[in-house]
Amino acid sequence: MTVLGGQAIAAGVLLGFGLLQGRREGFSRPALLLLALAGIASVLLMSIVNFAIHSDFRWLLIMPPIVWAISVVALAQDISAR
């Protein structure tokens with residue numbers, strides 16, 4: 001139930017992200033915040049739950065949060081460079 005709720009929140013946050021991006025050229029700080037919130041609500045929460053229940057796939061599911069975190073850091077650096 002928790003993971004499904006996280007996915008639903010992430011879908012709404014990503015919709016907001018898409019709407020903000022559609023109105024601007026390039027990424028903005030609010031868009032970065034929405035992207036970070038979406039990752040926390042979806043991939044990070046999913047990985048935490050899988051570690052909590054000792055899922056057989058828990059080590060494999062650590063990869064999406066790592067990729068997400070690297071993406072958010074790279075995007076933040078790009079925004080700061082402008």
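Guide: A helix is a DSSP run of H or I that covers at least four residues, and helices are numbered from the N terminus. In this predicted model, Ser42 has its place in helix 2.

Visitor: Is Ser42 buried or exposed?
Guide: The cut-off that matters is 20% relative accessible area, since a residue under that value counts as buried. Ser42 has 11% relative accessibility, so Ser42 counts as buried.

Visitor: Leaving aside the neighbours within four places in sequence, which residues is Ser42 in contact with?
Guide: Contact means that heavy atoms lie within 4.5 Å. With its neighbours within four places in sequence set aside, Ser42, in helix 2, is in contact with Gly6, Gln7 and Ala10.

Visitor: In what order do the elements of the protein chain run from the N terminus?
Guide: The protein chain has three helices and zero strands. Read from the N terminus on, its elements therefore run α-α-α.

Visitor: Which helix gives the largest share of the largest nonpolar core?
Guide: The largest nonpolar core has 15 residues, and Phe17, Leu32, Leu35, Val72 and Leu75 touch the most other members. Helix 1 (2–23), helix 2 and helix 3 each supply at least two residues of this core. The largest share, eight residues, comes from helix 2.

Visitor: Leaving aside the neighbours within four places in sequence, which residues is Leu32 in contact with?
Guide: Leu32 is one of the core residues that touch the most other members, and Val72 and Leu75 are also among them. With the neighbours within four places in sequence set aside, the contacts of Leu32 are Val72, Leu75, Ala76 and Ile79.

Visitor: Is Pro65 of helix 3 buried or exposed?
Guide: Pro65 has its place in helix 3, and beyond its neighbours within four places in sequence it is in contact with Val43, Leu44 and Ser47. Its relative accessibility is 8%, so Pro65 counts as buried.

Visitor: Is Ile70 of helix 3 buried or exposed?
Guide: Ile70 has its place in helix 3 (residues 63–81). The cut-off for exposed is over 50% relative accessible area. Ile70 has a relative accessible area of 56%, so Ile70 is exposed.

Visitor: Why is the aromatic pair called stacked, tilted or edge-to-face?
Guide: A pair of aromatic rings is described by the distance of the centres and the angle of the planes. A search of the whole structure finds one aromatic pair. The rings of Phe51 and Trp59 have their centres 4.9 Å apart and their planes at 85°, and since planes over 60 degrees apart count as edge-to-face, the pair is edge-to-face.

Visitor: Which of the words buried, partly exposed and exposed fits Trp59?
Guide: Its partner Phe51, at 26% relative accessibility, counts as partly exposed. Trp59 has a relative accessible area of 60%, so Trp59 is exposed.

Visitor: How much accessible area does the nonpolar patch on the surface have together?
Guide: The patch is formed by Leu33, Leu37, Ile40, Leu44 and Ile48, and the last of these, Ile48, has its place in helix 2 (residues 29–52). Together, the residues of the patch have an accessible area of about 430 Å².

How values were computed
Residues numbered from 1 in each chain as written. Predicted model: local features only at pLDDT ≥ 70, side-chain atom pairs only at ≥ 80, totals over all residues. Heavy atoms only, no water. Phe/Tyr/Trp six-rings, centres within 6.5 Å; stacked < 30°, edge-to-face > 60°. Buried < 20%, exposed > 50% of the residue type's maximum accessible area, 1.4 Å probe, protein only. Patch = residues over 30% accessible without salt bridge, like charges linked within 9 Å, V, L, I, M, F, W, Y side chains within 5 Å. Areas by Shrake-Rupley, 256 points an atom, 1.4 Å probe, with all protein chains shown as cover. Salt bridge = Lys/Arg side-chain N within 4 Å of Asp/Glu carboxyl O. Core = buried A, V, L, I, M, F, W, Y, C linked by side-chain atoms within 4.5 Å.
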